[in-house]
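Hi there,

Here is the structure I promised to pass on to you. Have a look at it first, and then read my notes below.

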Amino acid sequence: MSKYSNLNSQLIHGGIDGDEKTGAVNVPIFQTSTYKQDGLGKDRGYEYSRSGNPTREALEALITELEGGIAGFAFASGMAATTAVLSLFKTGDKVIISSNVYGGTFRVLDKVFNNFGLTYEIVETSDLKLLEESLTDDVKAIFIESPANPILTITDIKAVAEIARKHGVLSIVDNTFMTPYLQRPISLGVDIVVHSATKYLGGHSDLIAGLAVVNSKELAERLWFIQNATGGVLQPFDSFLLIRGIKTLGVRMDRHIENATFITEALKSNPGVKAIYYPGLPDSQGYEINKGQADGPGGMFSFELDEQYNLNKFVESLELITLAESLGGVESLICHPSSMTHASIPYEIRQKVGIVENLIRISVGIEDKNDILADLEQAFEKSLEA
């Protein structure tokens, strides 16, 4: 329970604030693998850094508070967090996943967990009737993204949580795109929230990290056991960097949204844009639902490049915006989902869910919005084929 009612104060002072012993305003980096014990069975709260580390513990307390959960866990990557959560299930279980889901999530289910008898089904989770009809007896969890990667499809999180509870299955939300600054799924009834903290939470493209938050002591005990047993924990220095990144999350997200809104409004009338996907546009899919469950549309948008424009030339012409994997940093990044983030998803499935070959995803940075737009406009001009 936070002593601060405003999230912006929680971002800076939440969890474990500073160091009581020394008065340091930042949590120290406890760069140690093990801890002295005062006798057999007499430790001081820590035994080995895989099982517990004060710097990581401060981060875990912070994300727990921000997401409004019971317990939080920090992992070496977003996929390590997702893998740990999926390890809650067993052979014969099935997980429903959103039709627009991160390629890494699909890959670990399709190529790793499938080997152990944990299966999945891809469902358009924004269609609640279809979702409920998909809940056969072997389904044990619904794993969604909202907005979903990369077409920003919106799913009614509260409704999904209610459906999951009705059928006795777990609800899991990947909250990477929105962060707890904009959206708090546990308050909407969700059981587990995961993050690729590499993205907006870190915010500076200088660390790899994953987080998971759960809503019950029973899930906390099970996930802690998995975290400790499998060992994919976040290191102390990266935990420190992530805490530092979270402190500026609010001011960064405000700028991301300001810039993304400005740019998408401008691109709506650009002849090079065949279709645009951004939850902040009033005519976008799920606009009203997103307004009801989130405090903003986020800093991600995607668009389909018109066929008259050369995709390779467009990407190569960009000067300020960087072609790279990942998202959520202070710098603007552009991605081609079909060949990058979602390449592991079979072509037929990509086409069916709308991840077409001319789809481009942009993570809008916090540079001057006019400079970002100017860079896109000059790339459109240079890539128009005669």
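The notes below go through a helix, its neighbours, some aromatic rings and one asparagine.

Please keep in mind that this is a predicted model.

Let me start with helix α4, which spans residues 103-112. Of its 10 residues, 7 are buried, so α4 is largely enclosed by the rest of the structure. The buried ones are G103, G104, T105, F106, V108, L109 and D110. What lies over them? The cover for the buried residues of α4 includes helix α3, the strands β2 (94-98), β3 and β4 (139-145), and helix α13 (347-353).

Helix α3 (residues 78-86) deserves a closer look. The axes of α3 and α4 are 10 Å apart, and the two helices pack at an angle of about 45 degrees. An angle between 35 and 65 degrees falls outside both the roughly parallel and the roughly perpendicular ranges, which means that α3 is oblique to α4. The crossing of α3 past α4 is right-handed. On the α3 side, M79, T82, T83 and L86 make the contact, and on the α4 side G104, T105, V108 and L109 do so. Sorted by class, this contact of α3 with α4 has 4 nonpolar and 4 polar residues, with no charged ones.

Now for the rings. The structure holds 8 aromatic pairs, and two of them are described here. In the pair of F106 and Y120, the ring centres are 5.5 Å apart and the planes stand at 75 degrees; planes over 60 degrees apart count as edge-to-face, so this pair is edge-to-face. F106 sits in helix α4 and Y120 in strand β3 (residues 119-123), so to speak a link between distant parts of the chain, 14 residues apart. F106 has 1% relative accessibility and therefore counts as buried, the limit being under 20%.

The rings of F301 and F303 have centres 6.3 Å apart and planes at 25 degrees; because planes under 30 degrees apart count as stacked, this pair is stacked. Both F301 and F303 are buried. Together with Y309, F314 and F380, F301 and F303 form one aromatic cluster.

One last residue to find on your screen is N290, in helix α11 (residues 287-293). Is N290 buried or exposed? With a relative accessible area of 2%, N290 is buried. Apart from neighbours within four places in sequence, N290 is in contact with I154, M178, Q183, P279, G296 and P297.

Happy browsing, and best wishes!

How values were computed. Residues numbered from 1 in each chain as written. Predicted model: local features only at pLDDT ≥ 70, side-chain atom pairs only at ≥ 80, totals over all residues. Heavy atoms only, no water. Axes fitted to C-alpha atoms, helices over the stretch in contact; angles between N-to-C directions. Helix = DSSP H or I, 4+ residues; strand = E, 2+ residues; numbered from the N terminus. Parallel < 35°, antiparallel > 145°, perpendicular 65-115°, else oblique. Left-handed = near helix turned anticlockwise from the far one by under 90°. Contact = heavy atoms within 4.5 Å. Nonpolar A, V, L, I, M, F, W, Y, C, P; charged D, E, K, R; others polar. Phe/Tyr/Trp six-rings, centres within 6.5 Å; stacked < 30°, edge-to-face > 60°. Buried < 20%, exposed > 50% of the residue type's maximum accessible area, 1.4 Å probe, protein only.
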